[in-house]
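Here is a short briefing to read alongside the structure. Take a moment with the view below, then follow the notes topic by topic.

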Amino acid sequence: MTAIAGVDAARVREVARMLAPHIRRTPLIPTPAGGFLKLESLQPTGSFKVRGFFAAANIVDRERVARGLLTVSAGNAALACAYVARALRVPCRVVMLDTAPALKVNGVRDLGANPVLMPRDRLFEWIAARAWDHDPEVFIHPFADDAVIVGHSSIVPEILADMPDVERVIVPVGGGGLISGIALGFAALKPSVQVVGVQSDGYPLWQQAFATNGPPTLSPGTIADGTSAPFNPVMFERLRALVHEWVLVPEAMLRRTVARLATEVKVVAEGAGALAYAAMIQQGSSPRTVAILSGGNLDASRLAELLTE
């Protein structure tokens, strides 16, 4: 089943109200490219993921949550899960790629959670086998969980409050949870808004999936590690139904955009976080366009590398 029932205007606003005490209301800032950036990098863990994880944990019975939280992540969902678990005072374990940036792995440990590192192939096997079904903790899927997706819709009331005449929103896409939530939110509150998905040509998962009508065989070759999620058949159908347009950004341009954000906009973005702004530059932008800067968890060494290329 691909639809999420009951995501109407009232539910989107209620989720936003419920999350308000736990997250930051992030600003829109103007950019040299002509549109605006929504700075989700300013969330407590440096990315939008806390919205979805608080929303998902909130609907689980307290007795079950007391067993702890579990997720699988390239990094940002791991940080969000750890942060929410600490707020709820419960244990947390996260399965992460063994190539995850040290900044994110260390951040998970600093929040009191236990990172379990796996090679990419083994991690994908763990996901395919739904290994979490045999674990005691409450598993929160990082992008294909309905409550997580609805939690991400809370971005939409904030955008509309700051820019009621918004016409177009550009969103980086990995597993698809963020853009699904944003698309559902706009469908409920302002259906005329065009929702645009963007990926790097270093890992064009969804564009290739739609072209072949199924899962492509790809290995990530991108600094946008946060978008290196595996194919998911439920998300495939959702994204095909919800996203109005897709943009592919050359990897070389993405690398330059991280540097441009730092030097021109004075904002630090990780690779995935810079994707929407790269698409805005590539396509040109109207003043009523918003690009979602989804995260800013970038190692200092990587930033220095990109600034000197």
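**Cysteines, cores and a buried asparagine**

The count of disulfides here comes to zero. Please keep in mind that this is a predicted model. The notes below start with two cysteines, then turn to the nonpolar cores and to one loop residue.

**The cysteine pair**
- Why is Cys-81 not bonded to Cys-92? The closest cysteine sulfur to that of Cys-81 is in Cys-92, 3.6 Å away, and this is too far for a bond because a disulfide needs the two sulfur atoms within 2.5 Å.
- Cys-92 is likewise in no disulfide, its nearest cysteine sulfur being that of Cys-81.
- Cys-81 is buried, with 0% relative accessibility, and Cys-92 also counts as buried, at 9%.

**The nonpolar cores**
- The largest nonpolar core has 71 residues, and Leu-69, Val-166, Val-169, Ile-182, Phe-186 and Ile-292 have the most contacts inside it.
- Helix H4, spanning residues 76-88, gives the most to this core, contributing eight residues.
- A second, separate core has 30 residues, among them Val-265, Val-267, Ala-272 and Leu-275.
- Beyond its sequence neighbours within four places, Leu-69 is in contact with residues including Cys-81, Cys-92, Val-84 and Ile-140.

**Asn-297 in its loop**
- Asn-297 sits in the loop between strand E10 (289-293) and helix H14 (300-307).
- Asn-297 is buried, with a relative accessible area of 14%.
- A polar atom of the Asn-297 side chain lies 3.0 Å from the backbone oxygen of Thr-45.
- Setting aside residues up to four places away in sequence, Asn-297 also touches others, including Gly-46, Asn-76, Lys-104 and Glu-270.

Note on methods
Residues numbered from 1 in each chain as written. Predicted model: local features only at pLDDT ≥ 70, side-chain atom pairs only at ≥ 80, totals over all residues. Heavy atoms only, no water. Core = buried A, V, L, I, M, F, W, Y, C linked by side-chain atoms within 4.5 Å. Buried < 20%, exposed > 50% of the residue type's maximum accessible area, 1.4 Å probe, protein only. Helix = DSSP H or I, 4+ residues; strand = E, 2+ residues; numbered from the N terminus. Contact = heavy atoms within 4.5 Å. Polar contact = N/O pair within 3.5 Å; in protein donor to acceptor, adjacent residues only side chain to side chain.
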